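Student: Hey, can you walk me through the charged pairs in this one? I'm new to it.

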Amino acid sequence: KRQLNAITKCATWVELKSGATVYHRGEDGDALYVVGNGRLSVNRLDEESGQEQLVAELGRYEVVGEISVITGEPRSMTVRAERDTGLVCISKADFERLLTTQPKSMQPVFRHIVDRLRSPRSARKRDAVASTRTIAVVSAHGGLDTRAFASDLTDALMPFGACLRLD
């Protein structure tokens with residue numbers, strides 16, 4: 001409990017609108033973030049084409065930005081909110097202080113890094129799908145049978161976990 005209190009004293013809540021950038025590639029690693037709600041996309045620059053490529057999608061309780069905070073190197077990816085998102089932000093200075101004063105409080109961050117290194121990209125994509133909580137099906141124009149589409153979508157998602165369709 002003392003460790004959780006230490007983290008909550010230094011953490012700040014950040015709310016982002018869909019499309020907002022958390023940080024850009026090349027920026028200093030001044031903070032790490034934990035997704036409280038919403039979804040983030042992690043994008044890398046394809047040097048050959050000059051286009052951004054999606055590397056991962058992150059959902060609730062996932063950590064981003066920790067590598068630059070730990071190594072002191074510039075950000076290697078650009079991270080954006082894919083929908084309205086709430087993040088817990090821990091500054092680099094607070095992270096370093098917590099490492100010194102409450103090292104056990106940072107164990108979940110290091111476990112996360114190890115888990116990410118151990119799991120192949122396909123498992124991370126599967127986990128991103130598993131962390132999805134709500135999907136709304138709304139017709140943008142008349143003529144689409146949203147009930148049938150929602151039913152088919154529910155059936156398609158069932159192999160990944162429990163699904164509930166509400167009409």
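Tutor: Sure. A salt bridge here is a side-chain nitrogen of Lys or Arg within 4 Å of a carboxyl oxygen of Asp or Glu. Keep in mind that this is a predicted model.

Student: OK, how many salt bridges does the structure hold?

Tutor: It holds 6 salt bridges. In one of them, the side chains of Lys17 and Asp84 meet, with 4.0 Å from N to O.

Student: Where do Lys17 and Asp84 sit in the chain?

Tutor: Lys17 is in the loop between β1 (12-16) and β2 (21-23), while Asp84 is in the loop between β7 (78-81) and β8 (85-91). They are 67 residues apart, so the pair links distant parts of the chain.

Student: Is Lys17 buried or exposed?

Tutor: Lys17 counts as exposed, at 60% relative accessibility. Asp84 is partly exposed, at 44%.

Student: New topic: what does Arg39 pair with?

Tutor: Glu57, and the closest N and O atoms are 3.9 Å apart. Arg39 is in the loop between β3 and β4, and Glu57 is in strand β5, 18 residues apart.

Student: And why does Arg39 count as buried?

Tutor: Because its relative accessible area is 7%, and buried means under 20%. Glu57 is partly exposed, at 33%.

Student: Got another pair? What about Arg25?

Tutor: The side chain of Arg25 meets that of Glu47 in a salt bridge, 3.0 Å from N to O. Arg25 lies in the loop between β2 and β3 (31-37) and Glu47 in the loop between β4 (40-45) and β5 (52-58), so the pair ties together parts 22 residues apart in sequence.

Notes. Residues are numbered from 1 along each chain as its sequence is written. This is a predicted model: local features need pLDDT of at least 70, side-chain atom pairs count only at pLDDT 80 or more; totals for chains, interfaces and linings use all residues. Side-chain values use heavy atoms; hydrogens and water are left out. Helices (H or I, at least four residues) and strands (E, at least two) are DSSP runs, numbered from the N terminus. Buried means under 20% relative accessible area, exposed over 50%, partly exposed in between (1.4 Å probe, protein chains only).
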